Protein chains: 4
Amino acid sequence: MTITLEAAERAIGAGRQQASKLGIAASLVVCDAAGHIKAFSRMDRAWLGSIDVALRKAKTSVLFEAETQALWEVCKPDAQAHGLESSNDGLITFAGGIPLRSSSGELLGAVGVSGGQVAQDYEVAQAASASFLSFNPNAVR
Amino acid sequence: MTITLEAAERAIGAGRQQASKLGIAASLVVCDAAGHIKAFSRMDRAWLGSIDVALRKAKTSVLFEAETQALWEVCKPDAQAHGLESSNDGLITFAGGIPLRSSSGELLGAVGVSGGQVAQDYEVAQAASASFLSFNPNAVR
Amino acid sequence: MTITLEAAERAIGAGRQQASKLGIAASLVVCDAAGHIKAFSRMDRAWLGSIDVALRKAKTSVLFEAETQALWEVCKPDAQAHGLESSNDGLITFAGGIPLRSSSGELLGAVGVSGGQVAQDYEVAQAASASFLSFNPNAVR
Amino acid sequence: MTITLEAAERAIGAGRQQASKLGIAASLVVCDAAGHIKAFSRMDRAWLGSIDVALRKAKTSVLFEAETQALWEVCKPDAQAHGLESSNDGLITFAGGIPLRSSSGELLGAVGVSGGQVAQDYEVAQAASASFLSFNPNAVR
């Protein structure tokens, strides 16, 4: 079971709508459950730096099956896995990456968003995730 | 002047239609005139190896403002720039990358396609390029 | 559906038996359908260089869903995808990587072997693959 | 004198038993005294991110001949070698990597474990290390 391009694009589309509503320009990516890119959009006027950040957020969420900001709790200074963020070619540990799961809870991939304030990136990623869940998450092959 | 996300996605959409018509599953990317990714789609069932190849084709076309197969003429053994393909982190020098230009000839980006036989990749990239040209290439900012 | 550690280790075990029979010391790897390592064994006295080659063989087989030597037919000089081997961080295009599939033909991963003469590596990989197929390839999660 | 595959696999097997007992799924690696991978197992359902972390833990333990968490004492902020963790392509400085030695104290390699809470990873690595020591550590070549 893996994510379809149709589901990935619907999630990105919902994220873009939310980004426009917030007045920001973002890079949005959906990767599959192995961290390989499935779909990507960079909105007009998004910072170039958002490309890599969005990709790393999605990858981070897949690698540890968690929202990116949750990972910070374990890898910040003095936490049990301090410095973990330097593994796997560099993780992103603030908000904007969210795992995408099937209705039965299986990891199917993740969405990553970058381009606005971090709280805005998170809102955009949440909109993408909500769209993914509502769009019959069984529509995978 | 740079490529819009709308134009990039139309080009990828046209490429995907052509890929489906040919019965292949491909990765398709559009990058901007600086070689930075603008939009990407991996069709369901495309080889994982197609991701990197499509990205490199688009980047190669931007870096030397040429169709990827044309670059081979200058970098093949015994040609003047033999071995050039190892520069820039590795170029792809067979067909599937095509520059995208404005109606006045300005370089706006490139499309890269991988997933089928090379001749098929080229057909898909041509469909994407044709769509881009017909879609009022002035619709850039 | 993905490969289990049990199935991966049985495949590697069968490969090692064949390697011992041939009198060679090899590195053997099984990766999953996304190219991520699942199990690895380096036999005593295997060349250090065999580690990377075995890993790349398995990854190459997953990325293009083919035996590694088959890929050479498309990427050798004058073939349609000449130079493809430099993509994806470097492919290996001689024998020793074989895709592992379910009984229904779905790609589950690949085995990669390096350490002997190439024909020997191929024999070892074939033994691993045969073991995988005979070991109820549905034993995946 | 170096570690044998038999000893490496026994250590990993003991670690896996402990991991199962703790109810976690981990990646486990044994590398030799030069930091080169000897054996690796990724248990079913382990996070993908655990692969790289386990490999780095084992490598870190070999590079500085110490348990990974001990290294933190010298490289944390204000310690004499502050920032050392960014050397050698990135070290891991929390628990889970343990050197493996012969009965006479010679460094033979290291085990690295990732997949659970850090304290659990350490327990698993300790089980692997204990098994290695009890298994006639002279059984090396």
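**Exercise 1. Describe the surface and the overall build of chain A in this predicted model.**

Solution. Begin with the surface: chain A exposes about 5400 Å², and carbon and sulfur atoms supply 51% of that area. Turn next to the interior, where 58% of the 141 residues of chain A count as buried, the cut-off for buried being under 20% relative accessible area.

Then read the elements from the N terminus on, which gives the order α-β-β-α-α-β-β-α, that is, four helices and four strands. The radius of gyration of chain A is 14 Å, close to the 14 Å that the globule rule gives for 141 residues, so chain A is as compact as a globular protein of that length. Along the principal axes, the C-alpha trace of chain A spans about 40 × 35 × 20 Å.

Finally, consider how the chain contacts itself and where its charges lie. Among contacts in chain A between residues at least 6 apart in sequence, 65% join residues at least 24 apart. The 12 positive and 14 negative charges of chain A have mean positions that are 6 Å apart.

**Exercise 2. Work out which residues of chain A lose the most area to chain D, and what share of the buried area they supply on that side.**

Solution. First establish the contact itself, in which 14 residues of chain A meet 14 residues of chain D. The size of an interface is often given as the accessible area lost when the parts come together. For chain A and chain D this area is about 1200 Å², with 58% of it on carbon and sulfur atoms. On the chain A side, Phe64(A), Gln80(A) and His82(A) lose the most area to chain D, and together they account for 43% of what that side buries.

**Exercise 3. Carry out the corresponding analysis for chain A and chain B, giving the area buried between them.**

Solution. The contact takes 19 residues from chain A and 19 residues from chain B. Between these two chains about 1700 Å² is buried, of which carbon and sulfur atoms give 47%. Within chain A, Ile37(A), Arg42(A) and Asp44(A) supply 30% of the area buried against chain B, more than any other three residues.

**Exercise 4. Examine the backbone of Arg45(A) and Arg45(B): what is phi in Arg45(A), and what is phi in Arg45(B)?**

Solution. Locate the residues first: Arg45(A) is found in the loop between strand 2 (37–42) and helix 2 (49–64) of chain A, and Arg45(B) lies in the loop between strand 2 (37–42) and helix 2 (49–64) of chain B. Most residues other than glycine have a negative phi. Phi of Arg45(A), however, is near 85°, a positive value, and phi of Arg45(B) is likewise near 85°. As for accessibility, exposed requires over 50%; Arg45(A) counts as exposed because its relative accessibility is 61%, and Arg45(B) counts as exposed at 57%.

**Exercise 5. Decide whether His82(C) is buried or exposed, and place it among its contacts.**

Solution. His82(C) is found in the loop between helix 3 (68–75) and strand 3 (97–101) of chain C. With a relative accessible area of 10%, His82(C) is buried. Leaving aside neighbours within four places in sequence, His82(C) is in contact with Trp72(B), Thr93(B) and Phe94(B) in chain B, and with Val74(C), Cys75(C), Lys76(C) and Pro77(C) in chain C. Trp72(C) is 10 residues away from His82(C) along the chain, and their C-alpha atoms are separated by 8.9 Å.

Note on methods: Residues are numbered from 1 along each chain as its sequence is written. Chains are lettered from A and ligands numbered from 1 in the order in which they are written. This is a predicted model: local features need pLDDT of at least 70, side-chain atom pairs count only at pLDDT 80 or more; totals for chains, interfaces and linings use all residues. Side-chain values use heavy atoms; hydrogens and water are left out. Helices (H or I, at least four residues) and strands (E, at least two) are DSSP runs, numbered from the N terminus. The radius of gyration is taken over C-alpha atoms; the globule rule is 2.2 Å times the number of residues to the power 0.38. Buried means under 20% relative accessible area, exposed over 50%, partly exposed in between (1.4 Å probe, protein chains only). Contact means heavy atoms within 4.5 Å. Accessible areas come from the Shrake-Rupley method with a 1.4 Å probe; for residues, only the protein chains shown count as cover. Lys and Arg count as positive and Asp and Glu as negative; His and the chain ends are not counted. The place of a charge is taken as NZ of Lys, CZ of Arg, CG of Asp or CD of Glu. Buried area is the accessible area (1.4 Å probe) that two parts lose on being put together, summed over both.
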